[in-house]
Amino acid sequence: VEQFNLVYRTQAYGLRNLLDAVEKDPLELIAFFSSVAGRYGNRGQCDYAVSNEILNKYAQQLSNKHTNTRVVSFNWGPWEAGMVTAELKKQFQAMGIEPIGLEAGADIFRRFLLGGDEVPAELVVGGPELPGSLIASTKTKNTVYTERFTVSLEQYPSLNDHQLGGKPVVPMVLVMEWMNRIAKKHYPNMHVFEICDVNVLKGIVLSKKSLEVTFTWTEENLPNGQTALNIQMPGLGDHKGLHYRARLILDVKAPLPPAIDLKKIESANKGAFGEEAAVIYDQWLFHGQTLETIDRVSGFSKAGMTFLLTALDFKEKTDDWQTQSLMLDGGAQAQIVYHKKKLNEVVLPTQCQSFQQFAKAEGKVVCHLEVVEVTPKKSEVNLYYVDSNNQLVAVMRSLVGYALPNGFPQKASVA
């Protein structure tokens with residue numbers, strides 16, 4: 001009993017004294033540092049578990065009482081520092097609990113205490129409920145989360161080479177890159193397993209010096225243990241609808257390359273193309289010099305097209321890039337080229353059913369375009385990216401483009 005009281009009274013009575021001292025103060029924020037032991041219990045630590053659950057219940061009570069005060073009780077799991085020894089870390093991992101990195105934990109604290117999103121009074125961080133996800137169990141089903149990015153020509157000078165009608169347009173692959181960054185920031189212990197059902201509902205035109213784009217998303221726990229983020233980009237300026245909509249699938253394990261007979265696809269694509277890359281970029285595509293990544297087309301047939309990509313990354317050199325966006329955009333460029341060569345029609349890719357990245361490519365990349373459907377009004381293709389080590393590094397399935405009756409603005413037509 002004495003040992004129990006020593007732990008319990010120190011925490012519970014200390015909290016009560018502190019709350020009494022600030023009872024009449026107009027507090028805006030209250031943060032409790034509780035423990036996952038309060039939620040799950042821990043063998044031999046009933047005193048510690050009860051003490052931390054007291055913090056949680058005070059947080060619930062204060063949150064209901066002071067509706068203008070943000071109250072969050074952080075039920076922290078073990079941290080990657082301090083009292084967690086190597087042996088103790090192994091014990092936690094055996095229970096499905098990954099220690100919290102210092103930077104990730106600090107970011108979670110900042111985000112959920114100071115962020116604008118609705119947050120429950122109890123937040124479990126680093127618990128065993130969702131393996132690999134730092135924030136385990138306290139997000140409500142309908143909670144909407146928000147992240148913002150600033151886009152400008154100064155920040156992304158490559159957009160100068162991605163213009164339609166004389167105005168810079170944000171490419172779909174850059175928006176997908178931002179989605180990957182969201183996953184890395186908010187779910188650092190998980191991998192982007194797949195980006196599904198990407199829909200460009202209205203393109204983003206950089207009509208002024210800079211824009212702030214907003215993403216919102218809700219979470220969905222899938223039966224197989226994966227987490228789905230239903231993500232969208234609300235309208236900018238006078239546009240009241242959505243710009244983008246997609247679904248991110250997160251997993252504790254990174255995706256593995258599927259078994260695909262790439263030699264069969266390459267063989268089916270054999271055939272003469274007959275155009276140089278310079279002609280493609282001068283007359284068929286709207287992409288400027290820094291985005292010219294298609295080096296040559298080595299095969300062309302009714303089944304598809306095989307081509308070489310020499311530039312894989314946008315020239316903006318930062319440590320934040322999660323995808324090789326120019327490599328991916330090269331596949332979208334190739335879809336335009338294939339449709340132009342095959343039917344002398346112009347399409348613009350605006351949908352992608354599935355994108356998976358398995359590794360960062362090294363050296364030049366050979367990409368195989370596999371035709372799913374081609375009509376005068378629509379193009380649907382699969383893209384397989386293979387690096388210089390003959391490693392399948394990424395796949396885009398059902399990339400869909402729709403015909404532009406008048407072609408690209410300010411581009412010469414080709415007979």
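**Exercise 1. Which handedness, right-handed or left-handed, does the crossing of α1 past α3 have?** Determine also how the axes of the two helices are oriented and which residues make the contact.

*Solution.* The model under examination is a predicted one.

Step 1. Helix α1 covers residues 2-21 and helix α3 covers residues 46-65. Their axes lie 8 Å apart, and the packing angle is about 20°.

Step 2. Angles under 35 degrees count as roughly parallel. The helices α1 and α3 are therefore roughly parallel to each other.

Step 3. The crossing in which α1 passes α3 is right-handed.

Step 4. On the α1 side, the contact is made by Gln 3, Phe 4, Val 7, Tyr 8, Gln 11, Ala 12, Leu 15, Arg 16 and Leu 19. On the α3 side, the contributors are Cys 46, Asp 47, Tyr 48, Val 50, Ser 51, Asn 52, Ile 54, Leu 55, Tyr 58 and Leu 62.

Step 5. Sorted by class, the residues of this contact comprise 13 nonpolar, four polar and two charged.

**Exercise 2. Identify the side chain that meets Asp 20 in a salt bridge, and state the separation of the two residues along helix α1.**

*Solution.* Step 1. Side chains of opposite charge can pair when their charged atoms come close.

Step 2. The partner of Asp 20 is Arg 16, with an N to O distance of 2.8 Å. A salt bridge requires the nitrogen to be within 4 Å of the carboxyl oxygen, and the pair is assigned as one.

Step 3. Asp 20 and Arg 16 are four residues apart in helix α1, so about one helical turn separates them.

Step 4. For the structure as a whole, eleven salt bridges are found.

**Exercise 3. Describe the three-stranded sheet: give its strand order, its edges, its pairing and the helices that pack on it.**

*Solution.* Step 1. The sheet is open, its order is β1-β2-β3, and its pairing is parallel.

Step 2. The edges are β1 (29-35) and β3 (122-125), each of which pairs on one side only. From one strand to the next, the twist averages 25°.

Step 3. Strand β2, residues 70-76, is joined to β3 by four bridges in the parallel sense. Trp 76 has Val 125 of β3 as its bridge partner.

Step 4. Helix α3 packs on this sheet and touches β1, β2 and β3. The direction of α3 makes about 155° with that of β1.

Step 5. Helix α5, residues 102-114, also packs on the sheet, touching β1, β2 and β3. In this case the angle of about 155° is formed with the direction of β2.

**Exercise 4. Trace the eleven-stranded sheet and characterise selected strand pairs within it.**

*Solution.* Step 1. This open sheet has antiparallel pairing and the order β4-β8-β9-β10-β7-β13-β16-β15-β14-β12-β11.

Step 2. Its edge strands, each pairing on one side only, are β4 (145-152) and β11 (294-301). The twist averages 20° from one strand to the next.

Step 3. Consider β7 (residues 191-200) and β13 (residues 347-357): four bridges link them in the antiparallel sense. Asn 199 has its bridge partner, Gln 351, in β13.

Step 4. Proceed to β11 and β12, which run antiparallel and are joined by six bridges. These two strands form a hairpin with two residues between them. Phe 300 is bridged to Met 305 of β12.

Step 5. Strand β12 (residues 304-309) also pairs with β14 (residues 365-375), in the antiparallel sense and over six bridges. In β14, Val 365 is the bridge partner of Leu 309.

Step 6. Strand β14 in turn pairs with β15 (residues 378-386) over nine bridges, again antiparallel. A hairpin with two residues between its strands is formed by β14 and β15. Thr 375 has Lys 378 of β15 as its bridge partner.

**Exercise 5. Classify the mutual orientation of α8 and α9, and list the residues of their contact.**

*Solution.* Step 1. The axes of helix α8 (residues 277-284) and helix α9 (residues 325-343) come within 12 Å and cross at roughly 85°.

Step 2. Angles from 65 to 115 degrees count as roughly perpendicular. Helix α8 is therefore roughly perpendicular to α9.

Step 3. Helix α8 contributes Ile 280, Tyr 281 and Trp 284 to the contact, while α9 contributes Gln 333, Ile 336, Val 337, Lys 340 and Lys 341.

Step 4. The contact of α8 with α9 has five nonpolar residues, one polar residue and two charged residues.

Technical notes: Residues are numbered from 1 along each chain as its sequence is written. This is a predicted model: local features need pLDDT of at least 70, side-chain atom pairs count only at pLDDT 80 or more; totals for chains, interfaces and linings use all residues. Side-chain values use heavy atoms; hydrogens and water are left out. Axes are lines fitted to C-alpha atoms, for helices over the stretch in contact, and angles run from 0 to 180 degrees between N-to-C directions. Angles under 35 degrees count as roughly parallel, over 145 as roughly antiparallel, 65 to 115 as roughly perpendicular and the rest as oblique. A crossing is left-handed if the near helix is turned anticlockwise from the far one by less than a right angle, and right-handed if clockwise. Contact means heavy atoms within 4.5 Å. Ala, Val, Leu, Ile, Met, Phe, Trp, Tyr, Cys and Pro count as nonpolar, Asp, Glu, Lys and Arg as charged, and the others, Gly among them, as polar. Two strands pair if DSSP finds at least two bridges between them.
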